[in-house]
Amino acid sequence: MNINKIKQLSALEGCLGITLAERGLKLCEEAGELSAAILKRTSCPNASASAQDNVAEEAVDTMINCLDILFALGYEEDGIQALLDLKCKKWEDKMSGFKSH
């Protein structure tokens, strides 16, 4: 995955004065849109009538916003990769206690 474009856009947002708080709120907005898309996809009775069944697109929007926050905090790609490796290892360790079906 090439994340250079996200890094460039994140830097531009910094130049425009977009704060960490604003980026966090944008992430919450995108997570809400992802939730709405999942509810629509699963035919939840109380899903928003205006929601679209675009789970993958909303998941990517959320991922972009997470990377934007990490870049705003000063992380580089290698630091992000190290965090991903650490968190995946914790997830893997947790899942190792479950038996596959």
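**A guided tour of the chain**

Read along the sequence, the chain of this predicted model follows the pattern α-α-α-α. With the whole chain displayed, one finds 4 helices and 0 strands. The C-alpha trace spans about 45 × 40 × 25 Å along its principal axes. The radius of gyration of the chain is 17 Å, whereas a compact globule of 101 residues would have a value near 13 Å. Of the contacts in the chain with a separation of 6 or more, 58% join residues 24 or more positions apart.

Next, select I3, I6, L67, F71 and I80. These 5 residues form the largest nonpolar core. Within that selection, centre the view on I3. Leaving aside neighbours within four places in sequence, I3 is in contact with L67, F71 and E77. For the chain overall, buried residues make up 18% of the 101 residues.

Then turn to the surface and select M1, V60, M63 and I64, which make a nonpolar patch of about 400 Å². I64 is placed in helix α3. Because its relative accessible area is 34%, I64 counts as partly exposed. With the surface of the chain switched on, the accessible area comes to about 7,500 Å², and 62% of that area belongs to carbon and sulfur atoms.

Finally, select S43, in the loop between α2 (20-41) and α3 (55-72). Is S43 buried or exposed? S43 counts as exposed because its relative accessibility is 61%, the cut-off for exposed being over 50%. The backbone at S43 also merits inspection: S43 has a positive phi of about 55 degrees although it is not a glycine.

Terms used
Residues numbered from 1 in each chain as written. Predicted model: local features only at pLDDT ≥ 70, side-chain atom pairs only at ≥ 80, totals over all residues. Heavy atoms only, no water. Core = buried A, V, L, I, M, F, W, Y, C linked by side-chain atoms within 4.5 Å. Buried < 20%, exposed > 50% of the residue type's maximum accessible area, 1.4 Å probe, protein only. Contact = heavy atoms within 4.5 Å. Helix = DSSP H or I, 4+ residues; strand = E, 2+ residues; numbered from the N terminus. Patch = residues over 30% accessible without salt bridge, like charges linked within 9 Å, V, L, I, M, F, W, Y side chains within 5 Å. Areas by Shrake-Rupley, 256 points an atom, 1.4 Å probe, with all protein chains shown as cover. Salt bridge = Lys/Arg side-chain N within 4 Å of Asp/Glu carboxyl O. Rg over C-alpha atoms; globule rule 2.2 N^0.38 Å.
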